[in-house]
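Please walk through this structure with the sequence at hand, taking its strands, its aromatic rings and one histidine in turn.

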Amino acid sequence: TRRSSDLSSGINAEYGGAKKHIVVVKGVSMDVSMGDVIKFFTESNPPKNVEMKFGEAVVEFHSHGDAMRAMLKDKTMLAGVKVNLELQSKPDDYVGYSDTPAAEDPYQDPYSASFSDPYQQAKPYQGTYSSSYRW
């Protein structure tokens, strides 16, 4: 069976039991090097890994706290260009959604089963169409 602590998605997925703490830097200039990105974050906390992509950098940190501190650089200048940061990290004790099915919605409309919407009919229009009308 899967434990709820094993559930995560996206870039923050678990690899070998360790969660990845990612900050995506968007709006990176084409002339920015990996070294520039490392230097950009090293003042506060050095990154664990950096991957450069077209127009962005995916930066991995050692902990969620490091990733949160890195977010303080959001909307600041990197090599003369204002960059936007996107946090894709969760705390180490984050559990997320579990496998158990959701309980019945306690706020369900009690009249929804008895109400039929005339605009949501299963049958197509049964009327007659007139093709002789001209605009």
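**Strands, rings and a histidine**

Strand β2, which covers residues 49-53, pairs with β3 in the antiparallel sense, and five bridges join the two. The model in which this pairing is seen is a predicted one, and the descriptions that follow should be read with that in mind. One of the bridges can be located by residue, since Asn49 has Glu60 of β3 as its bridge partner. The two strands form a hairpin with two residues between them, and in the turn Gly55 has a positive phi of about 80°.

From the hairpin, the path can continue to the aromatic side chains. The count of aromatic pairs comes to two. In one of them, Phe40 and Phe41 meet edge-to-face, with 4.9 Å from centre to centre and 75° between the planes. The other pair is formed by Phe41 and Phe61, again edge-to-face, with a centre-to-centre distance of 5.4 Å and planes at 85°. Because Phe41 lies in helix α1 (residues 34-42) and Phe61 lies in strand β3 (residues 56-61), this pair ties together parts that are 20 residues apart in sequence. Phe40, Phe41 and Phe61 thus make up one aromatic cluster.

How accessible are the members of this cluster? With a relative accessible area of 8%, Phe40 is buried, and Phe41, at 0%, is buried as well; both values fall under the 20% that marks a buried residue. Phe61 is likewise buried. The ring of Phe40 also has a charged neighbour, for the charged end of Lys73 sits over that ring, 4.8 Å from its centre.

The last stop is His64, which has its place in helix α2, a helix made of residues 64-70. Is His64 buried or exposed? His64 counts as buried because its relative accessibility is 16%, and the cut-off for a buried residue is under 20%. Its side chain and that of Ser89 are joined by a polar contact of 2.8 Å. When residues up to four places away in sequence are left aside, the residues that His64 touches are His21, Leu87, Ser89, Lys90 and Pro91, so Ser89 appears both in this list and as the partner in the polar contact. Lys90, another of the residues touched by His64, leads on to one further ring, as the charged end of Lys90 sits over the ring of Tyr94 at 5.6 Å from its centre.

Notes
Residues are numbered from 1 along each chain as its sequence is written. This is a predicted model: local features need pLDDT of at least 70, side-chain atom pairs count only at pLDDT 80 or more; totals for chains, interfaces and linings use all residues. Side-chain values use heavy atoms; hydrogens and water are left out. Helices (H or I, at least four residues) and strands (E, at least two) are DSSP runs, numbered from the N terminus. Buried means under 20% relative accessible area, exposed over 50%, partly exposed in between (1.4 Å probe, protein chains only). A polar contact is a pair of N or O atoms within 3.5 Å; within protein, one must be able to donate a hydrogen and the other to accept it, and residues adjacent in sequence count only if both atoms are side-chain atoms. Contact means heavy atoms within 4.5 Å. Rings of Phe, Tyr and Trp (its six-membered ring) pair if their centres lie within 6.5 Å; planes under 30 degrees apart count as stacked, over 60 as edge-to-face and the rest as tilted. A charge sits over a ring if NZ of Lys or CZ of Arg is within 6 Å of the ring centre and within 35 degrees of the ring normal. Two strands pair if DSSP finds at least two bridges between them.
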